[in-house]
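Reader: I'm new to protein structures and would love a close look at one part of this one. Please pick a part, explain your terms as you go, and then show me some other places in the chain.

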Amino acid sequence: MPILSKEEAQALLKKVIAFSKADAIEVNLYGSDGGNIRYARNAVSTSGGISTTGLVVQSSYGKKVGTATINEFDDASLEKAVRRSEELAHLAPENPEFMPNLGPQQYQESKMYVPATAAINPKLRADAVAKSLEVATQNNLVAAGFWENATRFSAMMNSNGLFAYNTGTDVSFNVTLRTQDGKGSGYASKGYNDINKLDVAAATRIAAQKAANSSSAKALEPGKYTVILEPAAAIVLLENIFFNMDARSADEGRSFLSKAGGKTKLGEKLVDERVNIYSDPLNPDMPTSTWSGDGRPQEKIKWIENGAIKNLYYSRYWAKEKNAKSVPFPDSIIVEGGSASLEDLIKGTEKGILVTRLWYIREVDPQTLLYTGLTRDGTFYIENGQIKYPIKNFRFNESPIIMLNNLEELGKPERTVSGESGIQALIPPMKVRDFTFTSLSDAV
């Protein structure tokens with residue numbers, strides 16, 4: 001029973017709540033059904049299907065809360081989970097930040113579910129990977145990649161009358177191609193709700209071209225350079241802005257948005273005024289769930305508008321403490337851009353460096369969002385609007401805030417997948433001046 005309809009989920013959750021003897025109960029139900037293929041050295045190494053369903057029961061007596069989980073769904077097992085959560089609630093200390101369950105909420109209809117993606121079968125996965133491997137062998141390259149797709153649902157109900165349901169589909173693909181001597185490497189990653197938007201062969205051809213062209217890399221002196229960051233490179237830095245926009249952390253002096261005396265930088269202009277970042281669960285190119293994990297409705301939220309911090313996210317407890325609007329953590333990152341393609345950005349660059357990917361990102365200073373990491377899988381020198389030659393990889397020290405203040409141009413947004421967190425985003429390639437490379441790396 002991995003995927004339940006709205007009616008089936010509602011009926012099961014009502015049955016669970018009917019077993020409750022606590023002051024309040026909240027139940028979350030979830031499931032997924034999908035499959036994957038992993039390949040390396042131009043051959044499939046693993047493949048399989050995964051179907052899961054689970055139930056989380058949270059009971060409370062006053063401010064004392066207990067939680068139990070189960071993946072059995074007969075009546076006796078469901079009641080056992082409820083009783084266990086009640087026992088734990090009796091034993092638990094009071095939670096000083098306890099918030100009562102929400103009442104009924106209004107949700108918009110999610111756009112995440114695509115029937116064609118839900119219909120993906122093992123043959124389709126195998127055929128797609130075969131196309132990727134064909135590109136690799138035709139170019140005498142060595143491929144390693146991963147394809148994964150899933151159909152998911154989630155539902156929640158509580159004793160205050162809240163009920164939420166959502167279903168969605170997603171498919172993601174990434175591939176790394178290496179030359180036979182291991183000196184050249186190329187990378188591509190894609191992720192969509194709709195399988196019809198994923199062109200595995202095209203993505204692999206881009207990675208193949210980078211691999212073939214990145215052998216015999218020359219060394220450049222570390223320093224500050226104009227860079228063109230492809231979306232897969234930009235997302236791993238930009239996502240750290242989102243991860244640190246919690247209002248409580250800012251109020252308590254623990255984030256880059258903190259100011260002395262408990263004030264925050266909310267409303268202040270922190271980056272180039274061309275930067276607009278928002279989340280929108282109904283964006284046709286980046287649909288996400290219309291409700292958050294704790295039942296709050298998700299809506300379109302502007303996080304950075306014309307370079308200024310427009311909103312922070314608040315837990316329900318902290319919003320009550322600060323008498324602020326309760327804003328949940330976003331499920332998507334959407335960065336507005338222009339109409340220029342990656343090729344257009346390259347043509348308009350007198351001297352610069354094209355970066356395919358950044359990886360191994362580590363925090364240096366949380367107060368300035370300074371991070372360090374490495375380039376990889378295709379780094380090239382640009383001169384007079386053309387890629388001249390591959391260059392050896394660098395270690396960098398950079399802050400996404402400084403980076404967005406040194407912005408020169410934004411290209412056309414496209415969907416990408418973070419190689420660090422796995423989060424999907426709709427962001428443009430971006431041209432940035434004075435990006436700081438601190439040392440050379442021998443990594444390919």
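Author: K123, T137 and Q138 are exposed in helix α4, on the other side from its buried residues. Here exposed means over 50% relative accessible area, buried means under 20%, and partly exposed is in between, using a 1.4 Å probe and protein chains only. What you see is a predicted model, in which local features need pLDDT of at least 70 and side-chain atom pairs count only at pLDDT 80 or more, while totals for chains, interfaces and linings use all residues. Residues are numbered from 1 along each chain as its sequence is written, and side-chain values use heavy atoms, without hydrogens or water.

The buried residues of α4 are R125, A128, V129, S132, L133, V135 and A136. Seen down the axis of α4, they fall within an arc of 150°, so they line one face of the helix. That arc is taken from the directions that run from the helix axis to the C-beta atoms. A general rule helps here: an α-helix has 3.6 residues a turn, so residues three or four places apart point the same way.

What lies over that buried face? The cover includes strands β1 (24–40), β2 (43–61), β4 (141–158) and β5 (163–179), together with helix α5 (200–213). Helices (H or I, at least four residues) and strands (E, at least two) are DSSP runs, numbered from the N terminus.

As for its length, α4 covers residues 122–138, which makes 17 residues, and it reaches 24 Å from its first C-alpha to its last, close to the 24 Å expected at 1.5 Å a residue. The expected span is 1.5 Å times one less than the number of residues. After α4 comes N140, whose phi is positive, near 55°.

UniProt, in an unreviewed entry, places a domain named "Metalloprotease TldD/E central" at residues 126–213. Its positions follow the numbering used here, feature names are shortened, and annotations may be inferred rather than shown by experiment. In the model, residues 126–213 are 31% helix and 49% strand, and the end C-alpha atoms lie 28 Å apart.

The unreviewed entry also gives "Metalloprotease TldD/E C-terminal" as a domain at residues 222–438. Over that stretch the chain is 17% helix and 37% strand, with end C-alpha atoms 5 Å apart.

Now look at another helix, α7 (residues 247–251), which holds S249. S249 is buried, with a relative accessible area of 16%. Setting aside neighbours within four places in sequence, S249 is in contact (heavy atoms within 4.5 Å) with R254, S255 and S258. In the loop between α6 (231–243) and α7 you will find D246. The side chain of D246 reaches the backbone nitrogen of S249 at 3.0 Å.

Finally, try the strands. Two strands pair if DSSP finds at least two bridges between them. Strands β13 (residues 370–383) and β15 (residues 393–398) pair in the antiparallel sense over four bridges, and Y371 has E398 in β15 as its bridge partner. β15 also pairs with β19 (residues 430–441), again antiparallel over four bridges, with N393 bridged to S441 in β19. Elsewhere, an open sheet of six strands with mixed pairing runs in the order β10-β9-β8-β11-β18-β17. Its edge strands, β10 (308–309) and β17 (414–417), each pair on one side only.

Terms used: A polar contact is a pair of N or O atoms within 3.5 Å; within protein, one must be able to donate a hydrogen and the other to accept it, and residues adjacent in sequence count only if both atoms are side-chain atoms.
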